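Reader: I am new to reading protein models. Can we go through this one step by step?

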Amino acid sequence: MLRSKIKSKHGKINSDKYDYYIAIDWSQKNMAIATLRKDLDKPKITDTNSDLDNLKAYLRSLSGRKIVTIEETTSTHWLYVELYNYAEKILICDPYRNKLLSDGAKTDKLDAGKLSLLLRGGLLKEVYHGLEKTYELRQLVCDYEQLVKLGTRILNEKSAIYRASGKSYKALEEIGDKTLKWILIQKDKRLELYKIQKAEYEKKFREILKQNKDLRHLTGINGIGIIGSVKILSSVINANRFETGGKYLSYCGLVKHQKMSGGRNYGKKKTRYSRRLKTVYKTAAMSVISSNNSPLKEYYDSLIDKGLSEEKARNQLARRIAIITYGILKTGTKYEPYKWRELRQK
């Protein structure tokens with residue numbers, strides 16, 4: 001593969017060793033391609049009909065090391081897979097952070113040109129994509145979450161009908177209006193279908209669990225069940241993309257960044273994070289706190305004994321669980337809660 005030529009020992013690529021910096025603005029009808037040579041200051045931009053074969057032929061015609069960037073959209077992963085072997089690196093960038101693109105006139109050609117300049121300057125925030133088989137799990141989890149949202153919405157709609165009629169949904173009080181009764185019957189039918197489909201997804205996750213060692217290791221942590229472990233792995237895919245545990249905690253939304261200017265501290269700010277992971281770890285922490293006789297419950301109790309408030313201790317527990325899962329995915333080993341005691345005795 002082309003990309004193997006310039007990888008460092010950590011799998012990263014030195015951004016100053018490329019001959020071409022290429023930005024692609026892709027849509028179903030047309031594609032804008034901006035090519036910036038390392039010895040020039042202005043990119044060459046072409047706008048033509050979208051054609052994957054022509055795009056591959058163009059990349060193949062460029063002799064030298066190439067890095068390609070594409071903004072994250074619904075078709076991005078397909079392009080990532082298709083173009084993977086046609087450049088040393090395919091960098092999928094986060095459009096939310098590309099503020100320069102909203103300045104001045106906005107066209108596909110202008111966007112592609114600005115992206116190529118940002119790419120050479122190392123100013124793009126990368127969104128992880130990979131060819132791992134595990135990446136397919138992300139699509140399953142996304143669809144599962146949409147299904148759960150749909151089921152929750154139907155339940156909320158049923159509850160709203162009861163409240164509008166002055167009745168209690170929990171007590172299942174009788175509603176006299178015939179039309180509302182008919183609507184509730186239809187919603188019950190949808191709920192039955194929702195339960196069947198939800199059970200099918202959970203069955204699929206259990207099948208994947210049997211074949212995946214990392215998932216089995218994750219379920220060995222208190223508070224992390226099958227669904228939680230599947231959500232974690234589908235979001236992380238490859239733990240080596242996080243250099244440190246601190247960066248992983250930031251990705252999970254469990255820490256905040258300092259705001260400093262002129263030697264003055266202006267507090268902390270929230271980062272863009274994975275809401276899925278934050279929810280998993282916060283839920284796991286609550287589950288551990290309500291459990292008995294677990295190593296993580298002992299850790300939580302020790303924080304309370306040290307004088308931490310329940311809220312701070314709960315947040316610290318969520319971070320602890322996140323770091324444990326990060327270590328499991330990083331090393332491929334299972335969780336051994338009292339290992340530190342054995343090492344101390346030795």
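Reader: Which helix holds E145?

Author: The model is predicted. Look along the chain for the helix that contains this residue. E145 is found in helix α4.

Reader: Is E145 buried or exposed?

Author: Its relative accessible area is 19%. Buried means under 20%. So E145 counts as buried.

Reader: Which residues does E145 touch, leaving out those up to four places away in sequence?

Author: Sequence neighbours up to four places away are not counted here. With those set aside, E145 touches K231 and R276.

Reader: Which residues of α7 does α4 meet?

Author: From α4, the residues taking part are L137, R138, V141, Y144 and E145. Across from them, in α7, are I227, V230, K231, L233, S234 and S235.

Reader: How do the residues of that contact divide into nonpolar, polar and charged?

Author: Sort the residues of the contact of α4 with α7 by type. Two are polar and three are charged. The nonpolar ones number six.

Reader: How are α4 and α7 set to each other, and why?

Author: Two packed helices are described by the angle between their axes and the distance between the axes. The axes of α4 (residues 135-164) and α7 (residues 226-236) come within 8 Å and cross at roughly 125°. Angles of 65 to 115 degrees count as roughly perpendicular, and those over 145 as roughly antiparallel. The angle here fits neither class, so α4 and α7 are oblique to each other.

Reader: Is the crossing of α4 and α7 left-handed or right-handed?

Author: Handedness is a separate point from the angle. For α4 and α7, the crossing is left-handed.

Reader: Now the rings. How many aromatic pairs are there?

Author: Rings pair if their centres lie within 6.5 Å. By this rule the count is 11 aromatic pairs.

Reader: What kind of pair do Y162 and Y169 form?

Author: A pair of aromatic rings is described by the distance of the centres and the angle of the planes. For Y162 and Y169, the centres are 5.4 Å apart and the planes are at 50°. Planes under 30 degrees apart count as stacked, and over 60 as edge-to-face. The angle of 50° fits neither, so this pair is tilted.

Reader: And what kind of pair do F242 and Y248 form?

Author: Their ring centres lie 5.2 Å apart, with the planes at 75°. Over 60 degrees counts as edge-to-face. So the pair of F242 and Y248 is edge-to-face.

Reader: Which residues do ring pairs link into a cluster with F242?

Author: Follow the ring pairs from F242. The cluster includes Y248. The others linked in are Y251, Y281 and Y326.

Terms used. Residues numbered from 1 in each chain as written. Predicted model: local features only at pLDDT ≥ 70, side-chain atom pairs only at ≥ 80, totals over all residues. Heavy atoms only, no water. Axes fitted to C-alpha atoms, helices over the stretch in contact; angles between N-to-C directions. Helix = DSSP H or I, 4+ residues; strand = E, 2+ residues; numbered from the N terminus. Parallel < 35°, antiparallel > 145°, perpendicular 65-115°, else oblique. Left-handed = near helix turned anticlockwise from the far one by under 90°. Contact = heavy atoms within 4.5 Å. Nonpolar A, V, L, I, M, F, W, Y, C, P; charged D, E, K, R; others polar. Buried < 20%, exposed > 50% of the residue type's maximum accessible area, 1.4 Å probe, protein only. Phe/Tyr/Trp six-rings, centres within 6.5 Å; stacked < 30°, edge-to-face > 60°.
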